[in-house]
Amino acid sequence: MTTLNLERSIRLRLRPAMLRSSAGGYIEQLLPLAKENIPMIVVMRSSATEQDLAAVMARLREHGLTGRVTYGEERNIIGVIGATIPPTLREEIELFPGVQEAVRITRPYKLAAREFHPQDTIVHVGDLAIGGGSCVVIAGPCAVESEAQIMATAIAVREAGAHMLRGGAFKPRSSPYTFRGLGEAGLRLLAQARAETGLPIVTEVMTPTDVELVARYADVLQIGARNMQNFQLLEEVGRSGKPVLLKRGMSATVEEWLLSAEYVIAQGNPDVILCERGIRTFETATRNTMDLNAVALAKRRSHLPVIADPSHGTGKWYLVPPLTLASIAAGADGVIIEVHPDPDRATSDGGQSLTCENFAALMPQMTALARALGRRSVQ
Ligand code: PEP
Ligand code: MN
């Protein structure tokens, strides 16, 4: 990180603390630390004793870290130096007497963080460019069910203006007694639909051993919400050479989501598309709660493209159009929408699937909104 970026980052991160602090003014003390890659800063209270300071320094040493003290007239500040900051260190240190607050300056993820890579990452899928304010539309059924179903859907969404086709051949299902996908036969049907329509394909891979097989057919490998923290799978798709659509786990924090992206990038694959698909909350009226905060926040914290899945985010077909538009307005670089020619007969997620007609009616609204927001055209 450049000195300038770190300085900005310290200023941003500390602003709320300074507003709370009656003494304030210690930012000037911090700026010399901006010259170094200091991952955390501990601000001591003005009432802190030498023993308080020594206790913090001792705990840092126990973690294999070093503390460098900047003595000030009002208060002392410790710059924490070390390669790996334990995730719980901030909370731990804030419990120490004499500590006003501990501030994490660098994020626990590096490759996915915008602070180390300020410009937007653009993921290329054939001629499509996803990210940097794009508005890519991925549409298709939850599951590939038959040749007739996938071909009809692919042709309809292509006609309506979609850019990519989705469809699961390997389906993660809560119950083992429900339809779990056609497997490789489904992948072959997707390839057939691509040949017919020219739409690139995104499809889910569920296990590390299937990555090679799925990557032979898919243009983008989808990691489902339930697998967001399947770390071996993340590493395997990281080695696949294919772009990855990484869904947020239904109970995952934004930080955990970005750490999962880090796993993929760390294997040498920078082409990660983040996908917000709703989280579990106390609300049971909808299948999930579409977390649009996370869309805007992920765009701010990370340089990776972020798309939204209002189908799984709401679970109700009639909520898909409004939440699609809201997602684009919140800054999503695109959407992934479930579409089925006959939702009542769908083997999975029929209740949240748009008919081909409803999808065709939504498409011009997305385009008009994207244009009004000054979004880049995807092709
Ligand atoms: C899907 O895309 O059909 C799917 C199973 O999504 P998620 O992993 O978000 O539940
Ligand atoms: Mn689905």
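In the predicted model, Thr203 has a relative accessible area of 1% and is therefore buried, the cut-off being under 20%. Thr203 belongs to strand β9, which spans residues 201-204. A polar atom of the Thr203 side chain lies 2.6 Å from the backbone oxygen of Gly167. Gly167 also appears among the residues that Thr203 touches beyond four places in sequence, together with Gly168, Ala169, Leu187, Leu190, Val214, Ala218, Val220, Leu221 and Gln222.

The manganese ion (ligand 2) is coordinated by four residues, namely Cys142 through SG, His312 through NE2, Glu338 through OE and Asp349 through OD. The coordination distances run from 2.0 to 2.4 Å. Along the sequence, the donor residues follow the spacing C-x169-H-x25-E-x10-D. His312 is located in helix α11 (residues 310-314) and Glu338 in strand β14 (residues 334-338), so this pair ties together parts of the chain that are 26 residues apart in sequence. Both of these donors are enclosed: His312 counts as buried at 8% relative accessibility, and Glu338 counts as buried at 1%.

The largest nonpolar core comprises 66 residues. Within this core, the residues touching the most other members are Val237, Leu246, Trp257, Leu274, Ile337, Phe359 and Met366. For Leu246, contacts beyond four places in sequence are made with Ile223, Met228, Leu234, Trp257, Ser260, Ala261, Val272, Ile273, Leu274 and Cys275. Trp257 and Leu274 thus recur, as contacts of Leu246 and as members of the group with the most core contacts. Another core, of 17 residues, lies apart from the largest one and includes Met40, Val42, Met44 and Leu89.

Met40, Val42 and Met44 are also part of strand β1, where they occupy one side, while Ile41 and Val43 occupy the other. Each of these residues is buried, and both faces of β1 are accordingly covered. In a regular strand, side chains alternate between the two faces of the sheet. Since five of the five residues of β1 (residues 40-44) are buried, the strand is largely enclosed by the rest of the structure.

Strand β1 pairs with two strands, β4 and β3. With β4 (residues 99-104) the arrangement is antiparallel and involves five bridges; here Met40 stands opposite Arg104. With β3 (residues 76-81) the pairing is likewise antiparallel, over four bridges, and Ile41 stands opposite Gly79.

Notes:
Residues numbered from 1 in each chain as written. Chains lettered and ligands numbered in written order. Predicted model: local features only at pLDDT ≥ 70, side-chain atom pairs only at ≥ 80, totals over all residues. Heavy atoms only, no water. Core = buried A, V, L, I, M, F, W, Y, C linked by side-chain atoms within 4.5 Å. Buried < 20%, exposed > 50% of the residue type's maximum accessible area, 1.4 Å probe, protein only. Contact = heavy atoms within 4.5 Å. Donors = N, O, S within 2.8 Å, 3.2 Å for Na, K, Ca; no water. Polar contact = N/O pair within 3.5 Å; in protein donor to acceptor, adjacent residues only side chain to side chain. Pairing = 2+ DSSP bridges.
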